[in-house]
Every structure is written in C-alpha cells, then in structure tokens.
Amino acid sequence: MTVGAHLEVASVSVTYGDRRAVDGISLTVEPGEVLAVLGPSGCGKSSLLRAVAGLEPLAGGAVRVDGLDLAGVPVHRRGIGLMFQEHALFPHRDVAGNVGFGLRMAGWDRDRIADRVTELLDLVGLDGRGDDRVDQLSGGERQRVALARTLAPAPGLVLLDEPLGSLDRALRERLLDDLGDIVARLGTTVVIVTHDQTEAFALADRVAVLREGHLVRVDPPRVLWSDPGSPWLARFLGLANVVDGSAFGRSGTVLVRPDRLRLANIGDGLAGRVVGVGFRGDRSVVRVATAAGELTVWAPVEVDVALDGAVNVGGVDDAITSLDGPD
Amino acid sequence: MVPLGFLALFFVWPLVELFRLGLAPDGAPDLGPVVDVVTDPGLRAVLWFTVWQATVSTVLTLALALPGAWVLGRRRFRGRAVFAAVTVVPFVLPTVVVAAAFRALLDGPLDPVLPDVGGVGAILAAHVFFNLAVVIRTVGGAWSRLDPRPEQAAASLGAPPWRVAREVTLPRLAPALWASSALVFLFCATSFGVVLLLGGPGAATIEVEIHRQVLFLLDLPTGAALAVVQLVAVLALVLVQSRLADRSVRGEAPVPPEVALRSPRSRRERAAMRSAIGVTMLITAVPLLVLVERSLRVGDGYGLRWFDELDESRRGSTLFVAPTEAVLNSLVAALIATTLALIVGGLAAFARSGSSELRALDAVLLLPLGTSAVTLGVGMLLAFDTAPFDWRSRWWIVPVAQALVATPFVVRTVQPALASLRRDLHEAAAVLGASPWQVVREVDLPIVGRAFGVAAGFGFAISLGEFGATVFLARGDRPTVPVAIARFLGTPGVANVGQAFALAVILMVMTATAVLVVDRLRVPGQGVL
C-alpha cells in the first residue's frame with residue numbers, strides 16, 4: 001500500500017500564446033483521495049494535469065506536493081505518475097519492458113524489477129503477458145499496460161488523462177470497475193481527467209468541474225448530481241428540463257429533475273400529451289407536452305406509454321431545483 | 001553543417017561546373033551548345049527516343065502492373081506477404097543485373113521465338129520488369145487503403161462492375177496512378193545502364209548519349225549541354241511527381257486492411273486472382289531464372305566454369321584485373337559509401353526534423369534524386385580535374401559518388417522514424433524518471449536505430465549496384481562489379497558473356513542479401529518506395 005501524497009494547486013494558469021487554457025485554478029487533493037477533473041473537451045483539464053506533471057510551464061501560481069513547491073523540479077525528478085491519453089507505450093519494448101521502465105530509471109536491480117513487473121501484470125489482469133509486443137495488444141490491453149507502467153514505481157500521486165478515452169463502450173464499462181478496484185486498493189492519491197461524467201462519478205471521491213479554463217465546482221458526485229446549481233452544469237450532466245421557472249411560480253431558471261418526475265394517474269399533477277418515447281434499457285425517456293412546456297420524464301420501462309396518449313406528470317414540486325448560478 | 005559542406009563540395013560544385021561548361025563554355029554566357037543540342041538532328045533523335053521509349057515503357061508497365069496491384073490491394077490470400085515481397089525484388093536489383101538478365105533472356109530462350117525484338121524491345125521489357133514494383137506497391141498500397149463500401153453502394157444502386165470501376169474506383173485511384181506513372185516515366189527517361197547495355201544503334205537516351213559524348217567522342221561541352229537539358233527536364237518532372245504524390249495523401253480516411261481485403265468468393269474470381277498473380281510472378285521471376293541458367297550454361301552442358309574462372313585475369317580480357325578483385329572493390333566502395341551516406345543523410349534527417357526553417361534543405365537533398373547519376377558522374381569528372389581538387393582519379397571518389405546517390409534514400413528512410421519519435425513518448429519516459437539523456441538513450445536511439453539499419457541495407461544495395469556515376473569515375477584497374485559486367489557484356493565472345501552472367505548472379509545475390517536483411521528490420525507500415 002502506497003502512502004498517498006497531498007497535492008495543492010494554487011492559482012495555477014497555463015497559457016498557449018494568447019490563449020489561457022487554465023486560468024487561475026486552485027484545488028487541494030487530500031492523501032489517498034480520488035479527484036476527478038470533469039469538463040467538455042477544450043476546457044483545460046488536460047493542460048492542468050500536464051502542468052502538475054511538469055510537462056507544461058506555469059504562467060502563474062504554484063503546484064505543491066506534500067507542501068513542497070515543484071517550481072524548478074524537472075519532470076523526471078517529480079516522482080508523479082502520469083498515464084497518457086493515447087497511452088504512449090514504447091513501441092520498441094515488450095510489455096515487461098514498458099512496465100519496468102520507470103523501475104530501471106530508478107536504478108532497481110533486475111530481479112526486483114522482474115518481481116514488481118509480475119506483481120503489476122497480475123494486478124491489471126495481464127499475468128504472463130510480459131513478453132508480448134505492445135503493437136499486438138488490443139486497446140483494452142494497451143490501457144492496462146499503460147496503467148501498470150504508471151503504477152509500477154509506486155508514485156504517491158497518480159494522474160490519469162482520459163484513462164478510458166479511446167476504448168469502446170462495452171470495454172469501458174468493464175475496465176471502469178477494474179480501474180475503480182485498483183485505485184481503491186492502492187491508497188495513492190489519484191487525479192483523473194475525463195469528459196465522461198459516468199467515469200467521474202464512478203471513480204471519484206470528489207469531482208472538480210472545469211469550464212473554459214475556470215473551476216466551476218468541486219463537490220462529491222452525489223452533491224453535484226442532486227444540485228448542479230447552474231443551467232450549464234445541469235445540461236452538461238445530461239439533465240433535461242432546464243426551463244424558465246415562471247411556469248411553476250419560481251423566479252429564474254429551474255431544473256425539473258427528470259429522475260424525480262413520474263407518470264401519474266389522470267387528475268394528479270400536470271396534464272399533458274406524450275410526444276415522444278425513447279427506450280434506454282434501464283428506463284424510458286418520455287417527452288410530455290404540458291401547459292408549462294415540454295417536460296422529459298424518466299419512467300420505469302414497465303410503464304406502458306402510448307405516443308399521443310394523454311398522461312399526467314406527477315411529482316413536479318419535489319423535482320424542481322433552482323439553478324441560480326451563472327449560466 | 002557537415003552534410004551541407006559535403007553536399008556543397010561533392011554535389012553542388014560539380015553541378016555548377018557542369019552548368020558553367022554547358023551554358024558558358026568560354027566564360028561568357030552562351031546558349032550555343034544548348035541550342036545545338038536541341039537543333040542537331042542526331043541529338044534531336046536522342047531526345048525523341050528518350051521521350052517515346054519512356055512513354056511506351058510507362059504505359060506497358062501500368063497495364064501489366066494493374067492486375068498485381070488489384071490482387072495486393074483488394075484480396076486476401078495465402079502467401080500474400082511473400083507475393084508482396086517478391087514483387088519488389090526487381091526494383092532493388094542493380095540496372096546492370098537487369099540488363100544482363102534480359103540479354104540472357106533475349107539471346108537465349110526467346111531468340112528463336114522473337115528473333116527480331118532487338119534492342120528497343122529489350123529496353124522496353126527491362127523497363128517493365130524494373131518498374132513493375134513501383135506501380136504495384138504505390139497503386140496496390142493506395143487501393144488497400146480505399147474503403148470498399150462506396151463500390152458496394154454503387155453496385156447496390158444498379159451500377160454494373162465496369163461502371164463501378166470507371167466511376168467509383170478509378171477516380172479515387174487516379175492520384176496514385178498519376179503519381180506512380182510520373183515516377184516510372186522519370187525512371188525510364190533517365191534510364192542509363194539498361195539502355196547502354198541493351199540498346200543498339202539508334203536506341204540511345206540522353207544519358208547514354210552523354211556517356212558517348214564524354215567518354216568516346218571526348219566532347220565535354222556537348223555532354224555538359226545535354227546534361228543541362230536533362231537536369232532541367234528532370235527537375236520539372238520531379239516537381240510534377242511530388243505534386244501528384246501530395247495529392248494522393250489528401251481525401252478519404254484510409255481503412256484498415258481487414259476492411260479492404262477479402263477472400264475470393266467465386267470460381268471466376270479465383271481464376272482472375274490466379275492469373276493476376278501468375279502474370280506478375282512470371283514477369284518477375286523468368287528473367288532472373290534465365291540469368292542463373294545462362295550463368296551455369298557451359299557449351300551444351302552445365303557447370304561452374306564461369307564462376308571458377310572469376311579469380312583469373314584472362315589474357316585478352318577487357319578487364320585488366322581478375323573479376324574477383326572487382327567484387328572486392330565493390331564491397332569496399334559500398335561499405336565506405338554506406339557509412340558516408342548514413343552520416344550525411346542521418347545528420348540531414350535530424351536537422352530537417354529539428355526545425356522547420358531547415359525544410360529549405362529539402363530541395364537540396366532531393367536534388368540528387370532528380371539529378372541522374374550520369375550527370376553527377378560527369379560533373380565530378382569536370383570539377384575535380386585541377387589542383388587542389390585533382391581527385392578524379394583517386395579511388396575514393398567512387399564511394400563518394402555512390403554515397404551521394406544513396407543519401408536521398410537514407411534521408412527518406414530515417415526521416416519517418418524520426419517523425420515517429422512522438423512527443424508523448426519523450427514525456428512518458430520523463431514522467432517515469434528518465435533524465436533528458438536517458439530519454440535519448442532509451443527511447444530515441446532504439447527507435448531510430450532500426451531505421452538506420454534499414455537505411456544502411458538499402459544504401460549498401462544501392463552503392464553495390466551503382467553504375468551511372470561509377471562508370472565515369474572508376475579507374476581502369478579498379479573496376480566495380482557493375483563496371484566489370486558492362487565491360488564483359490560489351491565485348492563479344494562466349495567467355496566474356498558467360499563471366500558477365502556469373503558476375504551478375506553474384507551481384508544479384510549480394511544485393512538480395514542486403515535487402516533481405518533489411519526486410520527483417522523494417523518497421524511494419526513504413527515503406528521505402
């Protein structure tokens with residue numbers, strides 16, 4: 001078990017020419033905590049990660065690990081693990097050669113490296129594959145090798161840049177669980193950059209939301225989900241029904257949570273007509289035209305809904321959350 | 001700076017000297033020699049022959065290569081990799097070996113069938129043999145990256161196969177077809193060894209005429225003027241070719257092989273595949289097999305006599321030394337040339353990938369490719385004849401010339417490897433604790449080292465077979481193998497021809513060995529063509 005490092009990002013800015021990719025972001029990550037940095041593509045989350053690793057120069061602010069300012073510490077002396085988005089495996093080395101690279105750089109002797117490589121290949125489920133060439137691996141296997149390579153030197157802080165980004169959906173689901181298990185077992189401090197909220201929610205203790213280089217929110221997944229706070233974040237999280245509150249007697253923009261709405265009996269709630277039904281496996285997404293505008297309701301799949309049929313939407317009062325944050 | 005200095009001294013300066021003699025023979029600018037070249041009936045015939053034989057060769061090559069390109073680009077079959085490897089063989093063979101093979105073929109098995117083919121027919125056939133790989137590789141490669149679904153869509157919209165080919169496949173293949181045609185035309189128009197050794201009277205390209213003017217008529221100004229005309233025309237062609245090649249990069253996203261390739265489905269398709277493979281293999285293999293057969297033919301039987309006698313300096317031979325000495329000369333020259341080419345080409349490739357301003361070097365570096373070896377040879381002959389640069393009869397001028405011919409290939413091989421040193425690999429190594437110099441040792445060198453191996457193999461093969469420049473610079477008592485083969489082939493007599501064939505077989509084996517070693521080193525997906 002590794003002892004996690006404490007990471008402090010203080011008013012960090014990263015610029016490319018005139019563009020400020022990261023604009024004065026401050027964050028603290030406690031030892032052993034898993035923080036997800038979530039945001040749409042181009043929001044600066046990868047730049048932030050690279051700045052922590054020392055791969056991008058800071059235009060302002062400071063990065064401190066366990067209280068030590070890393071300014072002037074070159075990349076290779078920082079001892080921070082970084083897993084690259086496209087994995088960046090060394091094409092001229094086999095699986096074991098990739099995983100053991102950091103250990104060789106640290107001057108470990110051959111036997112210890114071999115033991116540690118075996119241990120890590122076990123951990124990521126690639127036992128006995130040390131001699132394979134990396135260009136013959138599948139996408140999921142490459143991802144596992146990259147993870148093992150990053151974890152091998154047992155860094156106190158691990159940065160994962162879109163760890164599941166290039167994989168197809170089924171594989172992501174499976175590796176997401178594996179990754180969660182591995183990360184939880186290690187005890188190291190982890191920062192995961194992702195554009196996928198499922199990934200962030202599944203893995204992280206807290207989620208930092210970035211937008212156009214600025215920090216929007218930092219909160220545990222549940223808090224973020226139940227109270228997005230701003231119309232932009234509600235939409236980014238895929239929550240429908242971001243509407244004008246006046247129809248419900250509220251001021252400003254409100255979120256009518258589709259997961260809290262239900263289809264009700266006639267006479268109960270808002271009357272409406274079904275204008276669209278979509279099957280999503282675990283739920284049906286039903287769009288209903290009501291006097292207050294069109295509302296989306298997440299209904300259990302067992303509920304029988306006919307297109308154009310008359311329905312009532314219940315639970316509206318409980319579902320309304322105000323979004324008073326700036327859009 | 002080192003590569004620049006080397007190129008300036010041994011390449012640019014000879015060309016400048018050549019231009020000076022061709023455009024200003026008496027110090028003052030004088031277009032007389034060039035005008036003479038273009039107006040003299042004899043020389044105009046040479047220009048005309050150069051153009052028409054290159055055109056006919058290109059059309060023939062294209063026609064005969066398309067079946068092979070189709071099979072390679074669209075069908076999956078057992079032995080596909082072997083087929084692909086075999087098709088390249090002719091292209092890497094030295095021109096003198098190809099000339100010897102076709103001499104063996106036309107004087108041998110084909111003589112009773114086609115007695116009147118003569119020099120021109122032999123030249124065209126040798127050009128097809130030589131350039132088949134260019135078209136099969138370029139067009140077949142482009143074809144295998146084309147998405148087959150537009151064809152399927154056209155068929156489902158009611159287009160019969162010939163209209164699918166004309167309206168969907170052909171337009172998308174056109175850039176590759178044009179690019180490879182331009183390249184083949186360029187190779188045929190600047191063809192030297194094949195034309196010199198197979199062509200009779202009236203069958204001379206500009207290159208061969210330069211050789212004749214300089215070495216036999218000792219008319220250097222006319223030779224220089226011809227070289228100037230040739231250089232300008234070739235540079236124009238190279239420009240056109242690189243434009244066309246650029247165009248083929250644009251457009252659709254390439255698809256992986258498993259999408260483009262499929263197994264044959266009907267008996268007719270299998271038959272078509274077999275004939276396509278058959279035609280390609282026949283063109284590739286027969287001349288070489290006949291060459292081997294002829295080298296073993298002694299009188300009416302077979303034996304190793306021509307090989308055995310290679311270590312003797314025969315009386316009355318056109319070679320002043322034993323042929324085995326030529327083999328040694330060739331090996332030594334090729335080793336030095338390869339080393340030089342690796343240093344110059346490697347440094348140039350590093351410089352080019354390092355900064356964008358040095359892209360200007362591109363033109364200088366690709367010039368040797370556009371400049372024919374003959375032009376280079378004549379230029380060096382001119383430039384290095386007075387003190388303090390009186391080097392033209394030094395033995396080392398031959399490897400220097402060969403290195404210049406091989407350098408562009410080195411650059412082209414090493415460059416992609418350097419480009420593949422992606423920034424994220426450097427970063428990954430640094431994050432894992434590698435210091436900057438460890439990054440170079442652990443990441444850069446291993447990846448680029450392989451490319452250097454490939455470049456060394458090809459450079460060695462090119463230097464071994466180099467003929468166009470060497471023939472002007474090799475001293476009479478220090479011939480290389482290609483020079484020896486040419487001399488034997490140019491002299492009548494059974495023994496001379498037999499030894500020429502034996503030497504050609506040896507040269508073929510040496511080249512093939514170098515290329516095969518290279519092939520094992522090659523990173524998949526990085527072609528040289």
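In this predicted model, helix H18 (residues 397-419) of chain B packs against helix H20 (residues 436-465) of chain B, with axes that come within 9 Å and cross at roughly 155°. That angle makes H18(B) roughly antiparallel to H20(B), because angles over 145 degrees are placed in that class. The crossing of the two helices, H18(B) and H20(B), is right-handed.

On the H18(B) side, the residues that meet H20(B) are Gln402(B), Val405(B), Ala406(B), Phe409(B), Val410(B), Thr413(B), Val414(B), Ala417(B) and Leu418(B). Their counterparts in H20(B) include Ile447(B), Val448(B), Arg450(B), Phe452(B), Val454(B), Phe458(B), Gly459(B) and Ile462(B). By class, the contact of H18(B) with H20(B) has 15 nonpolar, 4 polar and 1 charged residues.

Chain B as a whole contains 23 helices and 2 strands. It has 529 residues, of which 47% count as buried. Among contacts in chain B with a separation of 6 or more, 81% are between residues 24 or more positions apart.

Chain B also touches chain A. Here 17 residues of chain A are in contact with 14 residues of chain B. On the chain A side, strand S6 (80-83) and helix H3 (101-105) are the elements that give two or more residues. H3(A) gives the most, with 3 residues. By class, this side of chain A has 13 nonpolar, 3 polar and 1 charged residues.

The class make-up of the two contacts is set out below.

| Contact | Nonpolar | Polar | Charged |
|---|---|---|---|
| H18(B) with H20(B) | 15 residues | 4 residues | 1 residue |
| Side of chain A that touches chain B | 13 residues | 3 residues | 1 residue |

Chain A also holds a sheet. Its 5 strands form an open sheet in the order S13-S17-S14-S15-S16 (chain A), and the pairing is antiparallel. Strand S13 (262-264) and strand S16 (293-299) of chain A stand at the edges; each has a single partner strand, so one side of each is left without a neighbour in the sheet. From one strand to the next, the twist averages 50°.

Within this order, strand S14 (residues 270-279) and strand S15 (residues 284-290) of chain A run antiparallel and are joined by 7 bridges. One position in this part of the sheet is Val274(A), which stands opposite Val288(A) in S15(A).

How values were computed
Residues numbered from 1 in each chain as written. Chains lettered and ligands numbered in written order. Predicted model: local features only at pLDDT ≥ 70, side-chain atom pairs only at ≥ 80, totals over all residues. Contact = placed C-beta atoms within 7 Å. Helix = DSSP H or I, 4+ residues; strand = E, 2+ residues; numbered from the N terminus. Nonpolar A, V, L, I, M, F, W, Y, C, P; charged D, E, K, R; others polar. Axes fitted to C-alpha atoms, helices over the stretch in contact; angles between N-to-C directions. Parallel < 35°, antiparallel > 145°, perpendicular 65-115°, else oblique. Left-handed = near helix turned anticlockwise from the far one by under 90°. Buried ≥ 20, exposed ≤ 12 C-beta atoms within 10 Å, placed from the backbone. Pairing = 2+ DSSP bridges.
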